Amino acid sequence: MIRTALGPLLSGRRWTSLRLRLLLVFALVALTAAVSASGIAYWLNREAVLTRTQDAALGDFRQEMQNRAAALPADPSQEELQRTAELMAGSSPGYSVLLVREGKDGRKVFGTAGPDSFGLDDVPKSLQQAVGDRQKTTSANNAEYHMYWQRTKPRGNPYLVGGTRIVGGGPTGYMYKSLAQERDDLNALAWSLCIATGLALLGSALLAQAAARTVLKPVQRLGDAARKLGEGELDTRLEVSGTDELADLSHTFNKTAEALEKKVADMSAREESSRRFVADMSHELRTPLTALTAVAEVLEEEADTLDPMIAPAVALVVSETRRLNDLVENLMEVTRFDAGTARLVLDDVDVADQVTACIDARAWLDAVELDADRGIVARLDPRRLDVILANLIGNALKHGGSPVRVSVRVSDPSEDREEGVSWLVIEVKDNGPGIPEEVLPHVFDRFYKASASRPRSDGSGLGLSIAVENAHIQGGEITAANGEGGGAVFTLRLPVDLGGGVGG
């Protein structure tokens, strides 16, 4: 019954569940208390029942020995012993009597009567010896013989055996009382206590379940609210009821959620303001930059006719103007990614032709080795692929050194990360010393400089981060590592629809 009742409570519970642990603690405490109480109650009742039965039987037997056995003649016959035993058994509360008289010739004469077959062999030897042991009379002991008793289990049945001897040479008497009724009563009591223990265990389980619902339901609501808060639902609040510790916890959660919502709102507003400022600034800079670029191009064309003292300054102006123009373009590109306004323009592209065009447009043909089969046609955004390749190859030439090797392949089916999706893999490997291990995790960070002592470089510090954003918007990724033979390896992976197939 207990197992059936506990089954629904334990079903679906993890062993680490707080609800299950609470239930088990309640059950363990209840079981310990019930078993302890039942054990003490059984022991006290057992002693009381056995002591009461034992005292009543032994007291009656002692009285019968004094009234009847003591009245026998000095040398009673077997008939006299038998008749006295019958009289004693007839008036007894359900015990058998055995009277023993040892004659002058050494023969023993017996008289026995009662509900049980009882002989001298049923009396333990130790009890016979104690009963027949004659003691000296003193001021503390006024009797030569005393009554002794013992509990035995002949043939598995409990019996009380008692014996004493009449002072002055009278017969020895033994009583033999069955304790089967007391055993049955105690067994019934034990079963009752076991049932009570089971009911207590069941009650504790139900109480634990009720307590778990009362205590853990608010905790579960708090957990759900915290989960929603972590998922971005910053307006999540808990209903506060009562004045206990859980109510204080709910109130604290609400205050924390409110403060977090306000902080995130302020940060979002500042971030939006910063993005708008960068976008507006970049847009406003484009007009004067266009004029500056035009002037710089004119100055560059006339550099040979300028005064040699002015030529270096003109070259610096031209270089910094172009660098500023690239920085503004990159800032505008980053702003579009941050604002979520960047859009894809997909087209079927022959990847080998696209890589070749990117290298040729920047006059890198002599410094780059291309390993790409023609006929690999993929559907992607050609402009964004060009931006990615320009940044990766340009970074490899600038920091790694030539020759830079660019390889293009389509991943094997075993490399596919999603069923039914093919991946275009483009690797760019340089011939430099590689990337320091402490720099690898930051190579795609915006404005990250590998050397703090050289914060200014020819690049804007945004190239690789823009390449990554362009890969992400197409569902791909870029990873950086060091090759086994030296040099840095940048790997671009893009999921593509190879509708055109792979040709040779």
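The exercises below, each with a worked solution, concern a predicted model.

**Exercise 1.** Determine which residues line the largest cavity and which elements they come from.

Solution. Start with the count: there is one cavity of 30 Å³ or more. The volume of the largest cavity is about 40 Å³. Its lining consists of Pro218, Val219, Leu222, Leu246, Leu249 and Ser250. Two elements, α5 (180-230) and α6 (245-301), each give two or more residues to this lining. Sorted by class, the lining has five nonpolar residues, one polar residue and no charged residues.

**Exercise 2.** Examine the surroundings of Lys177 and find the nearest side chain of opposite charge.

Solution. First place the residue: Lys177 belongs to strand β5 (residues 172-178). Lys177 is buried and has no salt bridge. The nearest side chain of opposite charge is that of Glu182, 5.2 Å away. A salt bridge requires nitrogen and carboxyl oxygen within 4 Å, so the pair does not qualify. Next list the contacts, leaving aside neighbours within four places in sequence: Lys177 is in contact with Thr53, Ala57, Pro93, Gly94, Tyr95, Pro158, Tyr159 and Leu160.

**Exercise 3.** Decide whether Val406 is buried or exposed, and list what it touches.

Solution. Val406 is found in strand β9 (residues 404-410). Its relative accessible area is 0%, and the limit for buried is under 20%, so Val406 is buried. Not counting residues up to four places away in sequence, Val406 touches Val355, Val368, Glu369, Leu370, Asp371, Ile393, Ile426, Glu427 and Val428. For a separation in sequence and space, take Thr491: it is 85 residues from Val406 in sequence, and the C-alpha to C-alpha distance is 9.8 Å.

**Exercise 4.** Describe three of the salt bridges by position and accessibility.

Solution. The structure holds twelve salt bridges.

- Step 1. Asp266 and Lys262 form one of them, at 3.3 Å from N to O. Both residues lie in helix α6, four residues apart, about one turn of the helix. Asp266 is partly exposed at 31% relative accessibility, whereas Lys262 is exposed at 56%.
- Step 2. Arg379 and Asp348 form another, at 3.3 Å. This pair links distant parts of the chain, with Arg379 in strand β8 (residues 377-380) and Asp348 in strand β6 (residues 347-350), 31 residues apart. Arg379 is partly exposed at 38%, and Asp348 is partly exposed at 49%.
- Step 3. Arg405 and Asp371 meet at 3.1 Å, N to O. Arg405 lies in strand β9 and Asp371 in strand β7 (residues 368-371), 34 residues apart. Arg405 is partly exposed at 40%, as is Asp371 at 35%. Shared partners join Glu369, Asp371 and Arg405 into one salt-bridge network.

Key. Residues are numbered from 1 along each chain as its sequence is written. This is a predicted model: local features need pLDDT of at least 70, side-chain atom pairs count only at pLDDT 80 or more; totals for chains, interfaces and linings use all residues. Side-chain values use heavy atoms; hydrogens and water are left out. On a 1 Å grid over the protein atoms alone, a cavity is a set of points where a 1.4 Å probe fits but cannot get out, and a pocket is an open set with protein on both sides within 12 Å along at least five of seven lines; lining residues have an atom within 4 Å of a point. Grid points are joined across faces, edges and corners, and a volume is the space filled by probe spheres set on the points. Ala, Val, Leu, Ile, Met, Phe, Trp, Tyr, Cys and Pro count as nonpolar, Asp, Glu, Lys and Arg as charged, and the others, Gly among them, as polar. Buried means under 20% relative accessible area, exposed over 50%, partly exposed in between (1.4 Å probe, protein chains only). Lys and Arg count as positive and Asp and Glu as negative; His and the chain ends are not counted. Contact means heavy atoms within 4.5 Å.
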